Amino acid sequence: MLSDFLEYSDIVLSAFQFNPKGKELVNKKKEIFDQISKVHNRELTNILFVGFSPLILAAAAKQIYVTEISVEAQKFLQNSGISFTYIDDLASWTNKIQCVIAPEEYFTFAKTDQEQKDKVLSLSKVTESILITTLRDYKNQDFKDREFSIPSLIRNGKQCKVILEFHNQDLTDRSQWVTTVFEMDPDGDQIVHGPYNRRAMYFKQLAKFSLDAGALDFLVHKNLMYKSPIKKNYEHVIVISFN
């Protein structure tokens, strides 16, 4: 059974492949690596990516690992000239990896606090130096703004695609929702993805889970933002340091 996050990252892959400005998107993602290397004084040469992201194409690492990524995404990376090692079962992986990157609000793909804590612990166990992820600021987000992500319109010549995320909020638990993603075109064709169980992850909550898992430092980059290929919302880049 495929994980919700793996299926979700395939939507990101599809949108990236459809976008004729792919190289421009990759160049913007390189700026994230440049800033992290500068601020944290680290050269990222050994990276594990969780799920597909244009960040993979922007990395200048000597060794790239991937996990929670589909066969289609692996083929795309191979055709793009990216050499990587695929990790099928991260729980049985015993070697530490310098940098682990889990974008697209990876830690929100859970139904309970315990699932989120387990995800943080799982990635922390294989992280040698830093763990990078992205999150929106849910604490300061108006509840009405949680129902939809900002839709993304992608034009490719005469073709275009609209991607809309609908977040069906739980009426009894404001931290929990179910996400459905709609891909639409002007001809009325539509692909529906999901639903995916989601749960808000707050900065202080992630910091606590990380420190409990052995992290030494936690930094939310206020001015370093990540934008997904499938929505216009910006997510804060978070760097969790283990040494």
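This passage describes strand β11 with its pairing partners, and then residue A200, in a predicted model.

Strand β11 comprises residues 234-241. Seven of the eight residues in β11 are buried, and the strand is accordingly described as mostly covered. Pairing of β11 was assigned with two strands, β5 and β10. Strand β10 spans residues 217-227 and runs antiparallel to β11, with eight bridges between the two. One of the residue pairs in β10 and β11 is F218 with I240, the latter being the bridge partner in β11. The connection between β10 and β11 consists of six residues, and the two strands form a hairpin.

Strand β5, residues 127-135, is likewise antiparallel to β11 and is joined to β11 by six bridges. For T134, the bridge partner in β11 is V237.

Residue A200 is located in a loop, with β9 (190-199) on one side and α6 (203-212) on the other. The relative accessible area of A200 is 1%; because the cut-off for a buried residue is under 20%, A200 is classed as buried. When residues up to four places away in sequence are not counted, A200 touches Q116, Y138, S175, W177 and Q205. For one of these contacts, A200 with W177, the separation in sequence is 23 residues, and the C-alpha to C-alpha distance is 8.3 Å.

Note on methods:
Residues are numbered from 1 along each chain as its sequence is written. This is a predicted model: local features need pLDDT of at least 70, side-chain atom pairs count only at pLDDT 80 or more; totals for chains, interfaces and linings use all residues. Side-chain values use heavy atoms; hydrogens and water are left out. Buried means under 20% relative accessible area, exposed over 50%, partly exposed in between (1.4 Å probe, protein chains only). Helices (H or I, at least four residues) and strands (E, at least two) are DSSP runs, numbered from the N terminus. Two strands pair if DSSP finds at least two bridges between them. Contact means heavy atoms within 4.5 Å.
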